[in-house]
Amino acid sequence: MLRLTHDLWLELVAHAYDGLPDEACGLLGGRPDPFGSGPNAGMHATVERFVPTANADHSARTYSIDGSELLRAERQLEADGLELVGVVHSHTHTEAYPSPTDISRAELLADWHFVIVSLKAPEASARSYRIIDGSVDEEPIILVDR
Amino acid sequence: MPVSVRIPTVMRAYAGGVSKVEATGSTVGEVVDELVDRYPGMATHLRAPDGGLHKFVNVYVNDEDIRYLGKLDTSLADGDEIAILPAVAGGA
């Protein structure tokens, strides 16, 4: 489960539209598993910050985040007591479901939450996934006021 | 050469949960070897089957990507800061 404020949701969608015609991407800073221990420990995160990044591919079909941007984001988040919990990217003309490229590139990111914003329909929509060992599990996005 | 190594969130579980470790090596490759020796769980994250660097990992030395330096042969000086980063990418 991914908990997200309504304001952050608007930032994500705005960044996705700003990136057109290319895919847009950004990083999610937050706190993993704020809901304590239990069978689902480590499965949840609360997003506290969205860090928009450039799409280093400048492409409508793929995205990548430059390592130096990732490093800068990681340092800044850590200085603020947060950590990277996931990545957001847009699908400009397809559904918000991980593509084969998304799945294969997630190999080392089993702890992350993958949010995909689809701009296919007139109104943007988003879904969130865990991608572990090549298997995709959708998780609910919980929108909260703050 | 004593250097510091920033461990990405996704690999910290293998390094006792810490974000930074000290290591020694005259090249990046030697530091990677030492990390894999010390934290065997990192091997599948750091190494490609051919023994090179995993294709989804980027390594920076003092904020410079080693792909534009000497790759794993990049030489190190005392106090250099190495950052290991997952490559973050995908596509529609």
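**View 1. Strand E4 of chain A and strand E6 of chain B pair in the antiparallel sense.** This is a predicted model. The pairing of E4(A) with E6(B), residues 88–91, runs over 4 bridges. Within it, Tyr63(A) stands opposite Gly90(B).

**View 2. Chain A meets chain B.** The contact involves 26 residues of chain A and 18 residues of chain B. On the chain A side, four elements give two or more residues each: strand E4 (62–65), helix H2 (67–79), strand E5 (83–91) and helix H3 (100–105). By class, this side of chain A holds 8 nonpolar, 10 polar and 8 charged residues.

**View 3. Helix H1 of chain A covers residues 6–18.** H1(A) has 13 residues. At 1.5 Å a residue, the helix should span 18 Å. Its end C-alpha atoms are 18 Å apart, so the expected span and the model agree.

**View 4. H1(A) has a buried side.** Which residues of H1(A) are buried? They are Leu8(A), Leu12(A), His15(A) and Ala16(A). These residues lie on the same side of H1(A) because they cover an arc of only 105° around the axis. They pack against strands of chain A: E1 (2–5), E2 (25–32), E3 (45–53), E5, E6 (113–118) and E7 (125–132).

**View 5. The face of H1(A) turned away from its buried side carries exposed residues.** Here sit His6(A), Asp7(A), Leu10(A) and Asp18(A). His6(A) is exposed, whereas His15(A) is buried. Leucines also appear on both faces: Leu10(A) is exposed, while Leu8(A) and Leu12(A) are buried.

Methods: Residues are numbered from 1 along each chain as its sequence is written. Chains are lettered from A and ligands numbered from 1 in the order in which they are written. This is a predicted model: local features need pLDDT of at least 70, side-chain atom pairs count only at pLDDT 80 or more; totals for chains, interfaces and linings use all residues. Two residues are in contact if their C-beta atoms, placed from the backbone, lie within 7 Å. Ala, Val, Leu, Ile, Met, Phe, Trp, Tyr, Cys and Pro count as nonpolar, Asp, Glu, Lys and Arg as charged, and the others, Gly among them, as polar. Two strands pair if DSSP finds at least two bridges between them. The expected span of a helix is 1.5 Å times one less than its number of residues. A residue is buried if 20 or more other C-beta atoms lie within 10 Å of its own, exposed if 12 or fewer, and partly exposed in between; C-beta atoms are placed from the backbone. The arc is that of the directions from the helix axis to the C-beta atoms.
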